[in-house]
Amino acid sequence: MIKQLWMEPSGFCNINCVMCGGNPRQKLFTKETGFMSLEFFKNIVDQFIKLSKKNLRRIDFRGTGEPLLNQNLPEIITYGVANNLLIGVTTNGMSLIDDLSRKLIKN
């Protein structure tokens with residue numbers, strides 16, 4: 001039974017950590033392909049809610065990309081919360097500025 005998803009809303013990172021090797025996948029992405037769109041996220045969530053028979057409970061945004069670089073993240077989180085999902089974000093925090101912090105807290 002599917003209760004949790006791990007997703008990567010950004011293929012880009014703003015730092016070059018040794019442990020990630022500078023995320024070599026970044027070279028494969030463009031501005032158009034390196035960030036998850038709100039529409040794509042909605043489609044995935046809707047399908048997994050149906051597939052899990054409404055047992056999906058949590059989505060964690062993590063991976064080698066930095067989630068906060070995706071400008072759609074506040075709206076993505078809002079959609080997840082509106083569907084009664086717990087949302088987790090693994091971040092290096094370097095992009096956590098006042099405006100973005102307020103938008104994320106509001107959710």
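The following exchange concerns the sheet and helices of a predicted model.

Author: Residues are numbered from 1 along each chain as its sequence is written. Local features need pLDDT of at least 70 and side-chain atom pairs pLDDT 80 or more, totals for chains, interfaces and linings use all residues, and side-chain values use heavy atoms, without hydrogens and water.

Reader: What makes β2 and β3 a pair?

Author: Two strands pair if DSSP finds at least two bridges between them; β2 (residues 58–61) and β3 have 4 bridges, in the parallel sense, so they meet the criterion. Strands are DSSP runs of E, at least two residues, and helices runs of H or I, at least four, numbered from the N terminus. In one of the bridges, R58 has L86 of β3 as its partner.

Reader: Why is one side of β1 and of β3 left without a neighbour in the sheet?

Author: The open sheet has the order β1-β2-β3. Because β1 (4–7) and β3 (86–89) stand at its edges, each has a single partner strand.

Reader: Which strands does α2 touch as it packs on the sheet?

Author: Helix α2 (residues 73–82) touches β2 and β3, contact being heavy atoms within 4.5 Å.

Reader: Which residues of α2 are called buried?

Author: L73, P74, I76, I77 and G80 are buried, that is, under 20% relative accessible area (exposed is over 50%, partly exposed in between; 1.4 Å probe, protein chains only).

Reader: How do you know on which side of α2 they lie?

Author: They cover an arc of only 160 degrees around the axis, which puts them on the same side of α2; the arc is that of the directions from the helix axis to the C-beta atoms. What covers them includes α1, β2, β3 and α3 (98–106).

How values were computed:
Axes fitted to C-alpha atoms, helices over the stretch in contact; angles between N-to-C directions.
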